[in-house]
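I sat down with this one to take notes on the fold. These are my entries, in the order I looked things up.

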Amino acid sequence: YTGDNILFPALEQSMMAVVLINEKDEVLFFNRSAEKLWGYQRQEVLGKDVSGLVPSYLKGIHSGFISHNREGGEARVEGMSRELLLERKDGSTVWTRFSLSKVNVGGRLHYLALVRDAS
Ligand code: HEM
């Protein structure tokens with residue numbers, strides 16, 4: 001273990017886009033690579049619902065996917081690596097590869113997405 005002050009810059013400076021959401025689906029962390037990939041500045045997304053990062057055609061149903069998983073529903077994306085179409089702030093789209101992990105913090109379920117350009 002390398003100490004508390006290394007993990008934060010390691011995630012911040014990761015080549016993977018890193019998005020962490022809390023138990024209320026609010027964005028807690030959005031690193032530099034995520035800003036580049038989505039075209040949003042972190043101050044536009046931090047504290048807001050993760051649906052702001054989801055393509056328009058999924059916005060209405062994505063929160064249901066998350067709550068289904070929170071309630072112990074079958075794992076779909078979770079723990080998996082798969083390709084998803086990402087929609088940027090300017091409306092352009094790019095194929096990306098997602099790895100989604102469930103992060104249990106004292107019973108509070110967070111989710112961590114690691115994403116990279118797969119185009
Ligand atoms: C589920 C798409 C961003 C968390 C899903 C599903 C889709 C999807 C299609 C349904 C599962 C399936 O079809 O296999 C997307 C797209 C995103 C995005 C296109 C952005 C470009 C995120 C982010 C998070 C997240 C940033 C959290 C950090 C989840 C969770 C589920 C889910 C927790 C339920 C997974 C499960 O049941 O195994 N997403 N998602 N998504 N997504 Fe996203």
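**Entry 1: a hairpin**

Which residue takes a positive phi in the hairpin of β1 and β2? I went through the turn, keeping in mind that this is a predicted model. The residue is D25, with a phi near 65°, and the hairpin has five residues between its strands. I noted it down since D25 is not a glycine. Most residues other than glycine have a negative phi. D25 sits in the loop between β1 and β2. I also checked its surroundings: D25 has 17 other C-beta atoms within 10 Å, so it counts as partly exposed. Buried would have taken 20 or more.

The two strands of this hairpin pair in the antiparallel sense, over three bridges. I picked out one pair: L20 has F29 as its bridge partner in β2.

**Entry 2: the whole chain**

Next I stepped back. I find four helices and five strands in the chain. Reading from the N terminus, I get α-β-β-α-α-α-β-β-β.

For overall size, I looked at the C-alpha trace, which spans about 40 × 35 × 25 Å along its principal axes. The radius of gyration is 14 Å, and a compact globule with 119 residues would be near 14 Å, so the two agree. Of the 119 residues, 18% count as buried. I also looked at contacts between residues at least 6 apart in sequence: 30% of them join residues at least 24 apart.

**Entry 3: the sheet**

In what order do the five strands of the open sheet run? I traced β2-β1-β5-β4-β3, with antiparallel pairing. At the edges are β2 (27–30) and β3 (81–87), each of which pairs on one side only. Neighbouring strands of this sheet are turned against each other by 30° on average, direction ignored.

I then followed the pairing of β1 with β5. β1 covers residues 17–21 and β5 covers residues 108–117, and they pair in the antiparallel sense over five bridges. Within that pairing, V18 stands opposite L114 in β5.

**Entry 4: the other hairpin**

How many residues lie between β3 and β4 in their hairpin? I count five, and G91 in the turn has a positive phi of about 90°. The strands β3 and β4 pair over seven bridges, in the antiparallel sense. The pair I wrote down here is L86 with its bridge partner V94 in β4.

While in β4 (residues 93–105) I stopped at S99. S99 is partly exposed, as it has 16 other C-beta atoms within 10 Å. Leaving out residues up to four places away in sequence, S99 touches S81 and L114. By the strand ranges, S81 falls in β3 (81–87), while L114 belongs to β5.

**Entry 5: the core**

Which residues have the most contacts inside the largest nonpolar core? My list reads A17, V19, V27, A34, L37 and A113, and the core has 18 residues. β1, β2, α2 (32–38) and β5 each supply at least two residues of this core.

I took A17 from that list and looked at its contacts. Not counting residues up to four places away in sequence, A17 touches N31, S33, A34, L37, V115 and R116. A34 and L37 are also on the list of core residues with the most contacts.

**Entry 6: helices**

I turned to α4, residues 59–70. This helix has twelve residues and reaches 18 Å from its first C-alpha to its last, close to the 16 Å expected at 1.5 Å a residue. After α4 comes G72, which has a positive phi near 90°.

From α4 I checked one distance to the sheet. H68 and S99 are 31 residues apart in sequence, and their C-alpha atoms are 18 Å apart in space.

Is E44 buried, exposed or partly exposed, and what is around it? E44 is partly exposed, with 14 other C-beta atoms within 10 Å. It is found in helix α3 (residues 42–45). From E44 to G91 I get 16 Å in space, C-alpha to C-alpha, with their positions 47 residues apart in sequence counted as separation.

Conventions
Residues numbered from 1 in each chain as written. Predicted model: local features only at pLDDT ≥ 70, side-chain atom pairs only at ≥ 80, totals over all residues. Pairing = 2+ DSSP bridges. Axes fitted to C-alpha atoms, helices over the stretch in contact; angles between N-to-C directions. Expected span 1.5 Å × (residues − 1). Rg over C-alpha atoms; globule rule 2.2 N^0.38 Å. Buried ≥ 20, exposed ≤ 12 C-beta atoms within 10 Å, placed from the backbone. Contact = placed C-beta atoms within 7 Å. Core = buried A, V, L, I, M, F, W, Y, C linked by C-beta atoms within 7 Å.
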